[in-house]
Amino acid sequence: MPVRWPTDRDREFTEFVSARRATLVRVAALLVSGDMARAEDVVQTALTRLYLAWPRVRPETMDAYARRCVVNAATDEHRSLFRRREQVRAEVPDLAADDVQYDDKTTITALLSTLPVGMRAAVVLRYVEGLSVAETADAMGCSEGNVRSQSTRGLERLRAGMPEHARNAG
C-alpha cells in the first residue's frame with residue numbers, strides 16, 4: 001500500500017467530503033427522524049471518525065466505510081444518555097399531534113421515527129439508498145439475515161402506518 005502524505009490525505013479527504021456530504025446528511029436525516037440539526041451533528045461525528053481512520057481506509061471501501069460511520073454515529077446518538085433526558089424546547093408546538101396534516105414525505109419520516117434504530121437503518125439503507133443486502137449488512141455491521149428480517153419487519157410496520165399506500169403497492 002502506498003504511503004499517503006498528510007497533504008495528500010487532507011486533499012483526498014476534502015474531495016471525498018465535498019462529493020459525498022449531501023448524501024451522508026440525507027441518510028443521517030432519515031436515521032434521526034428528519035431532524036436536520038441532529039443529522040448535521042451525526043455527520044460531523046461520522047466525518048471526524050472517518051478522518052481519523054482515513055489513512056487506513058482503502059479507496060475501494062471509502063463509501064461503505066463512510067456509511068458505516070454515519071449509521072454508527074446515529075445509533076450512538078440515539079443511545080446517548082443526553083438524548084434520553086427530557087427534551088427542552090424553546091417553543092411549545094401550536095397544534096396537537098393528531099391535528100397536524102402530513103404530506104407523504106413528512107408522514108414517512110414520522111413513521112420511520114417509530115421504528116427501532118436498527119430496523120430504521122435497514123429500511124433506509126435498503127429502500128432509500130438502494131444498497132444491496134450485503135452492502136447494508138456491511139454498513140450496519142451485522143449479518144445479511146438480520147438485514148433481511150429487519151427490513152421486512154420495517155416495511156410491514158410502514159405499510160401498517162400507511163394502509164392507503166400499502167394497497168397500491170401490493
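# Close-up views of rings and helices

**View A. The count comes to three aromatic pairs.** Here, rings of Phe, Tyr and Trp (its six-membered ring) pair if their centres lie within 6.5 Å; planes under 30 degrees apart are stacked, over 60 edge-to-face, and the rest tilted. F13 and Y51 are edge-to-face, because their ring centres lie 5.0 Å apart and their planes meet at 70°. F13 belongs to helix 1 (residues 6-31) and Y51 to helix 2, so this pair ties together parts 38 residues apart in sequence. The model is predicted: local features need pLDDT of at least 70, side-chain atom pairs need pLDDT 80 or more, and totals for chains, interfaces and linings use all residues. Residues are numbered from 1 along each chain as its sequence is written, and side-chain values use heavy atoms, with hydrogens and water left out.

**View B. F13 also pairs with W54.** Start with burial: buried is under 20% relative accessible area, exposed is over 50%, and partly exposed is in between (1.4 Å probe, protein chains only). F13 is buried, at 11% relative accessibility. F13 and W54 make an edge-to-face aromatic pair, with 5.2 Å from centre to centre and 80° between the planes. F13 sits in helix 1 and W54 in the loop between helix 2 and helix 3 (62-79), so the pair joins parts 41 residues apart in sequence. W54 is buried too, with a relative accessible area of 0%. Y51 is partly exposed, at 27%. Together, F13, F16, Y51 and W54 form one aromatic cluster.

**View C. Two arginines lie over tyrosine rings.** The rule asks for NZ of Lys or CZ of Arg within 6 Å of the ring centre and within 35 degrees of the ring normal. The charged end of R9 sits over the ring of Y51, 4.6 Å from its centre. R126 lies over the face of Y127, and here the distance to the ring centre is 5.2 Å.

**View D. M36 is in helix 2 (residues 36-53).** Is M36 buried, partly exposed or exposed? M36 counts as partly exposed, because its relative accessibility is 45%. Setting aside neighbours within four places in sequence, M36 is in contact (heavy atoms within 4.5 Å) with V25 and A29. V25 and M36 are eleven residues apart along the chain, and their C-alpha atoms are separated by 8.0 Å.

**View E. S33 lies in the loop between helix 1 and helix 2.** S33 is not a glycine, yet its phi is positive, at about 70°. With a relative accessible area of 27%, S33 is partly exposed.

**View F. Helix 3 has the span expected of its 18 residues.** The expected span is 1.5 Å times one less than the number of residues. The end C-alpha atoms of helix 3 are 26 Å apart, which agrees with the expected 26 Å. Its buried residues are M62, A64, A66, R67, C69, V70, V71, A73, A74 and T75. One of them, C69, has a relative accessible area of 7%.

**View G. Helix 8 (residues 144-161) has its buried residues on the same side.** Helix 8 has 18 residues and reaches 26 Å from its first C-alpha to its last, close to the 26 Å expected at 1.5 Å a residue. Which residues of helix 8 are buried? They are V147, Q150, S151, G154, L155 and L158. These cover an arc of only 135° around the axis, which puts them on the same side of helix 8. The arc is taken from the directions from the helix axis to the C-beta atoms. What covers these buried residues includes helix 5 (104-114), helix 6 (117-128) and helix 7 (133-140).

**View H. The structure holds zero disulfides.** A disulfide is a covalent bond between the sulfur atoms of two cysteines. Here the test is a pair of cysteine sulfur atoms within 2.5 Å. C69 is buried, at 7%. C142 is partly exposed, with a relative accessible area of 22%.

**View I. The protein has nine helices and zero strands.** Helices (H or I, at least four residues) and strands (E, at least two) are DSSP runs, numbered from the N terminus. Along the sequence, the pattern reads α-α-α-α-α-α-α-α-α. How many of the 170 residues count as buried? The share is 34%. Among contacts with a separation of 6 or more, 65% come from residues 24 or more positions apart.
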